[in-house]
Amino acid sequence: MSDILTLTALPEGFHDNPYPVYARLREEAPVCAQPDGSFILSRYDDLDMVYRDTDTFISDKKAVFAPKFGPDSPLFEHHTNSLVFNDPPLHTRVRKVMVGAMNPRALARMEPGLITLVDSLLDDMAGMAGVELITAFAGAIPIEVIGNLLGIPRDRRGPLRDWSLAILGALEPALTPEQLERGNAAVTDFKTFLRDIIQDRRAHPGDPETDVLTRLMQTTGDHLTEVELYQNCIFILNAGHETTTNLIGNALALLDQHPDKRAALLANPDLITTAVDEFLRLESPNQFGNRLTTRPVALHGVTIPAGTDLHLCMGGANRDPRQFDTPDEMQLDRRPNKHLAFAGGPHTCVGLTLARMEGRIAVGRFLQRYPNYTLTAGARRGGRIRFRGYARLPATLT
């Protein structure tokens with residue numbers, strides 16, 4: 001048993017800067033045993049191998065989530081029916097719908113509206129002495145984008161962020177009874193919220209070219225069950241919101257911490273495309289994924305039994321010097337940059353092109369509008385292991 005990192009008993013300062021711990025994991029314990037029998041993997045090549053071998057390493061987490069949440073709980077129903085914790089055939093059916101809705105033509109149609117949204121948020125901040133960038137900017141963008149994709153009425157989107165944080169927060173390795181209660185209540189409230197919207201959409205279908213909810217309900221071949229439909233609507237809203245919020249917030253913090261890189265990006269705005277991938281690599285919005293082994297696996301001298309839960313440390317793999325030159329340095333023009341912020345293999349994030357577009361437009365236009373912004377006292381990390389971002393990011397804009 002390694003004493004480098006126990007996910008249920010984090011070392012002091014881990015949330016502020018986990019990367020020295022990840023570096024030790026990669027070098028000293030690339031297969032790091034946990035008290036519950038699970039293991040952490042942290043090297044790039046190991047994660048890449050796991051993502052590609054979908055026979056040995058599966059995404060179905062029913063065996064893990066039943067004792068964690070309770071087999072009859074709302075959280076169990078949600079996380080065992082959502083796209084990310086499923087293998088074919090459910091994964092194939094839902095992913096096909098979402099890929100179709102995010103084709104290049106559809107994304108091109110979305111871009112003008114995204115620019116208008118970002119510019120309106122930037123206008124709203126003008127003249128303020130101080131602004132909290134997560135609420136006013138980073139968190140506001142994906143809620144609107146994903147809300148539009150699913151056709152959620154704009155005046156009803158208020159509770160979505162809190163529900164998302166509660167449901168995704170329940171994926172943390174260690175949970176309090178209060179966190180479980182909030183997560184279960186959020187799933188229940190979210191389903192109630194969706195009921196009227198889904199019933200209305202059945203009566204008045206949207207354009208399946210632009211309306212993902214209509215596409216989900218009109219899936220050809222094997223239709224989604226009612227449970228699968230509701231829970232994947234929740235998944236799309238949660239996954240598309242939390243990670244993009246973190247991408248934008250992390251990027252603005254990184255540029256504040258590296259004024260030379262900010263100056264370079266201001267001098268050459270075209271760098272924003274490769275810069276977004278470098279932000280994703282350096283501060284991956286999603287730091288951990290999971291897989292379950294179907295057979296014994298020997299890795300770095302350790303035998304991992306069948307039925308073992310693996311914690312895939314993307315945050316560590318994305319700074320692996322075996323894959324990236326000077327991995328702790330920011331290189332705005334880094335090429336190649338085959339980071340794992342969007343996972344890999346058949347489970348590569350279906351919204352990666354949309355997320356990149358949101359990051360490019362949001363960070364690029366923010367920087368051009370407020371080139372001299374400065375973060376002020378009071379920044380607070382989200383305090384979670386799996387998702388890395390800020391809960392608060394105060395700044396002045398002059």
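**Entry 1: two helices.** I began with the contact between two helices and found that Ile141, Pro142, Ile143, Ile146, Gly147 and Leu150 of α8 meet Cys233, Ile236, Leu237, Gly240, His241, Thr244, Thr245 and Ile248 of α12. I note at the outset that this is a predicted model. For the geometry I looked up the packing of helix α8 (residues 140-150) against α12, and I found an angle of about 155° with the axes 8 Å apart. Angles over 145 degrees count as roughly antiparallel, and I therefore entered α8 and α12 as roughly antiparallel to each other. I also recorded that the crossing of α8 and α12 is right-handed.

**Entry 2: the cores.** I then turned to isoleucine 141, which, apart from its neighbours within four places in sequence, is in contact with Leu114, Leu117, Val118, Leu121, Ile248, Glu358 and Ala362. Ile141 appears again in the largest nonpolar core, which has 96 residues, where Leu133, Phe137, Ile141, Phe279 and Phe366 are those with the most contacts inside it. Helix α12 (residues 226-257) gives the largest share of this core, 14 residues. I also noted a second, separate core of 19 residues, which includes Ala33, Ile304, Leu310 and Ala343.

**Entry 3: strand β8.** Leu310 led me to strand β8, where I looked at both faces: Asp309, His311 and Cys313 lie on one side, Leu310 and Leu312 on the other, and all are buried. Since five of the five residues of β8 (residues 309-313) are buried, I wrote the strand down as largely enclosed by the rest of the structure. For its partners, I found that strand β2 (residues 39-41) pairs with β8 in the parallel sense over three bridges, and that phenylalanine 39 stands opposite leucine 310. Strand β5 (residues 288-293) runs antiparallel to β8 and is joined to it by five bridges, with glycine 289 having leucine 312 as its bridge partner.

**Entry 4: an open sheet.** Last, I looked up a sheet of three strands, which is open, has the order β4-β12-β9 and is paired in the antiparallel sense. I marked β4 (131-132) and β9 (374-375) as the edge strands, each of which pairs on one side only. Between β4 and strand β12 (residues 394-396), which run antiparallel, I found two bridges, and in this pairing glutamate 132 stands opposite proline 394 of β12.

Key
Residues are numbered from 1 along each chain as its sequence is written. This is a predicted model: local features need pLDDT of at least 70, side-chain atom pairs count only at pLDDT 80 or more; totals for chains, interfaces and linings use all residues. Side-chain values use heavy atoms; hydrogens and water are left out. Two strands pair if DSSP finds at least two bridges between them. Helices (H or I, at least four residues) and strands (E, at least two) are DSSP runs, numbered from the N terminus. A nonpolar core is a set of buried Ala, Val, Leu, Ile, Met, Phe, Trp, Tyr and Cys residues joined through side-chain atoms within 4.5 Å. Buried means under 20% relative accessible area, exposed over 50%, partly exposed in between (1.4 Å probe, protein chains only). Contact means heavy atoms within 4.5 Å. Axes are lines fitted to C-alpha atoms, for helices over the stretch in contact, and angles run from 0 to 180 degrees between N-to-C directions. Angles under 35 degrees count as roughly parallel, over 145 as roughly antiparallel, 65 to 115 as roughly perpendicular and the rest as oblique. A crossing is left-handed if the near helix is turned anticlockwise from the far one by less than a right angle, and right-handed if clockwise.
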